[in-house]
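This report goes through one protein chain, starting from a single residue and moving outward. Look at the sequence and the structure first, then read on.

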Amino acid sequence: MPAQHTRRAVLGASLAFAGTGVLAACSSGDGAADHAAMNHGAPSGTAVPEGYVSPDGPEVAAAEKRRGAGPERKIALTATASRLDLGGGRTVSSWAYGDRLPGQEIRVTAGDTLALTLANHLPQATSLHWHGLALRNDMDGVPGLTQRAIGAGTDFTYRFAVPGPGTYWIHPHSGVQLDRGLYAPLIVEDPKEPLSYDKEWVVVLDDWVDGVDGSTPDAVLQELTGGNGHSGHAMPGTPAAEEDGGGPSRMLMGATSELLGGGDAGDVGYPYYLVNGRVPEDPSAFTARPGDRIRLRIINAGGDTAFRVALGGHRMTVTHTDGFPVRHTPTDALLIGMGERYDVLVTAGDGVFPLTALAEGKKASTMALLRTGSGAAPGASVRPKELDGELVTAGRLAPDESVALSGRKPDRTVRMRLTGSMEAYDWAFDRKPYTADQRHPVKTGERVRMEFRNATAMWHPIHLHGHTFALAGGAAGARKDTAIVLPRQTLTVDFDADNPGLWMLHCHNLYHAEAGMMTVLGYRR
């Protein structure tokens, strides 16, 4: 396979290890605000094309002012090298926020002003993206577009008004750093929470390769784009054979899933799949009492894996997707693409139950445990019958009336073709690999329709920064910021252009994005 262009104008190259760090709450003061004011001017380091809103322009400042300024929450976060214990005697050297995986949960209240200082103890530049938040553009965390990269040994303060409540998460927007351990849940609480429940269980799903038998995400990317010369002589559904004299191949050939449209389920054969940073042989456990009503907030932080999720012995009621409420919908299982989030309610039974996450199409699974009583834990390979029961996908969900998009004809339609193939690894929109000067114009106040026509044989989870859209191109669809586009299918979504700036739109398969499947929605002045 020939090597393809990568988004080096925006994203970093290979990474190394250095430093130590933790996440901690900080005392209040004026220093962080002053620091933020100094370091987010001229944010991207690149020129904004004439006629477009700048990420730090007056339009962005005015939109932020309208959000208001609530109580300030100060947080310190450090990106650092760390030895991470995945359980079962498996310890890896990787990158993380502090010394834990996932990074410590960040919990704020809608309306707060968040001032988070990220200290970069890595020897390479990094960044921080607030996945799903409709925040001010210059705090969105995309180097080369909305800010300058955070250099090694430096820090940067992200300061913004926290918008509506929901389940979100944070991760870098720099190279393939996300496929190390740099991610953490971000929970925005509702000061008028309408749901009633006894306990809350935050569940983060991941696929893991970094530090295993010499593998790194950068080596995986090099192999996928042709740097290792693999031509895919592998058994269906298994990683290709090990290279002579090198580490194991991680290229996955022949993995398919009917739920994902019958095409390729993924490109990468990961050695481990994790729930809350643990392998299924030594799972994390959540303790409750029989009869407890539990809210699960489920986040897929993986790089290349969709997960089918079910809780053995239980039905789930879907209450939210991507932070926005939906009409309560019962189900046995969920299909969650990379970057997507689902909130569900369950009423806990009595015993020990597996929360199983099947790596869709990859012939592997992982799990955590729900413990409400005595009993032996199920084995690592347990497959609850609920995985094969009723499965609700995002397209079957209806928005709660409080967040339904109003009925309105689109003022503008943006059409894009998803292009590329596994063989050439030339993923892109309209066959144009990402460059930082790309613009799909929109204007403040418009109802914008986006049509994604997937011309490829693979599914793609498409993510829009700074906004949520309605599925099915109108008021009838659930509100989301990340949505699956199946192979050879078209997905239509609508959104209101109400957050000025320059906003990334990309596939949330990390390796597809790095190969070039990214572009920019730009607000015209």
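Gly263 counts as buried because its relative accessibility is 12%; buried means under 20% relative accessible area, exposed means over 50%, and partly exposed lies in between (1.4 Å probe, protein chains only). The model is predicted: local features need pLDDT of at least 70 and side-chain atom pairs count only at pLDDT 80 or more, while totals for chains, interfaces and linings use all residues. Residues are numbered from 1 along each chain as its sequence is written, and side-chain values use heavy atoms, with hydrogens and water left out.

**Around Gly263**

Gly263 sits in the loop between strand 12 (252-253) and strand 13 (272-275). Helices (H or I, at least four residues) and strands (E, at least two) are DSSP runs, numbered from the N terminus. Which residues is Gly263 in contact with, leaving aside its neighbours within four places in sequence? They are Ala255, Thr256, Ser257, Ala457 and Pro487, where contact means heavy atoms within 4.5 Å. Arg488 is 225 residues apart from Gly263 along the chain, yet their C-alpha atoms are separated by 9.3 Å.

**The chain as a whole**

The chain has four helices and 34 strands. Of its 525 residues, 60% count as buried. Among contacts in the chain with a separation of 6 or more, 76% are between residues 24 or more positions apart. The chain exposes about 18,400 Å², and carbon and sulfur atoms supply 49% of that area. Accessible areas come from the Shrake-Rupley method with a 1.4 Å probe; for residues, only the protein chains shown count as cover.

**Salt bridges**

Side chains of opposite charge can pair when their charged atoms come close. A salt bridge is a side-chain nitrogen of Lys or Arg within 4 Å of a carboxyl oxygen of Asp or Glu. A search of the whole structure finds 35 salt bridges. Three of these pairs are listed below.

| Acidic partner | Basic partner | N to O distance |
|---|---|---|
| Asp292 | Arg289 | 3.7 Å |
| Glu386 | Lys385 | 3.5 Å |
| Asp411 | Arg408 | 2.5 Å |

Salt bridges that share partners also join Glu105, Arg107, Glu189, Glu193, Glu200, Arg295, Arg297 and Asp343 into one network.

The partners in the table can be described by their accessibility. Asp292 is buried, with a relative accessible area of 5%, whereas Arg289 is exposed at 59%. Glu386 is buried at 6%, and Lys385 is exposed at 66%. Asp411 counts as partly exposed at 45% relative accessibility, as does Arg408 at 38%.

**Helix 3**

Why is helix 3 (residues 217-224) described as largely enclosed by the rest of the structure? Six of its eight residues are buried, so the description follows from that count. The buried residues are Pro217, Asp218, Val220, Leu221, Glu223 and Leu224. Helix 4 (510-515) is included in what covers them. After helix 3 comes Gly226, which has a positive phi near 105°.

**Strands and sheets**

Two strands pair if DSSP finds at least two bridges between them. Six strands form an open sheet in the order 14-22-21-16-19-23, with mixed pairing. Strand 14 (285-287) and strand 23 (391-392) are its edge strands, and each pairs on one side only. Inside this order, strand 16 (residues 307-311) and strand 19 (residues 333-336) run antiparallel and are joined by three bridges. Val309 has Leu334 in strand 19 as its bridge partner.

Strand 4 (residues 106-109) has two faces: Ile106 and Val108 make up the covered one, Arg107 and Thr109 the uncovered one. Strand 4 pairs with strand 9 (residues 184-189) in the parallel sense over four bridges. Val188 in strand 9 stands opposite Val108.

**The largest pocket**

The largest pocket holds about 590 Å³ of space. On a 1 Å grid over the protein atoms alone, a pocket is an open set of points where a 1.4 Å probe fits, with protein on both sides within 12 Å along at least five of seven lines; lining residues have an atom within 4 Å of a point. Grid points are joined across faces, edges and corners, and a volume is the space filled by probe spheres set on the points.

The lining of the largest pocket has 36 residues, and Gly164, Pro165, Tyr168, Phe324 and Val403 lie nearest its centre. Strands that each supply at least two lining residues include strand 8 (166-171), strand 9 and strand 15 (293-300). Strand 18 gives the largest share of the lining, five residues.
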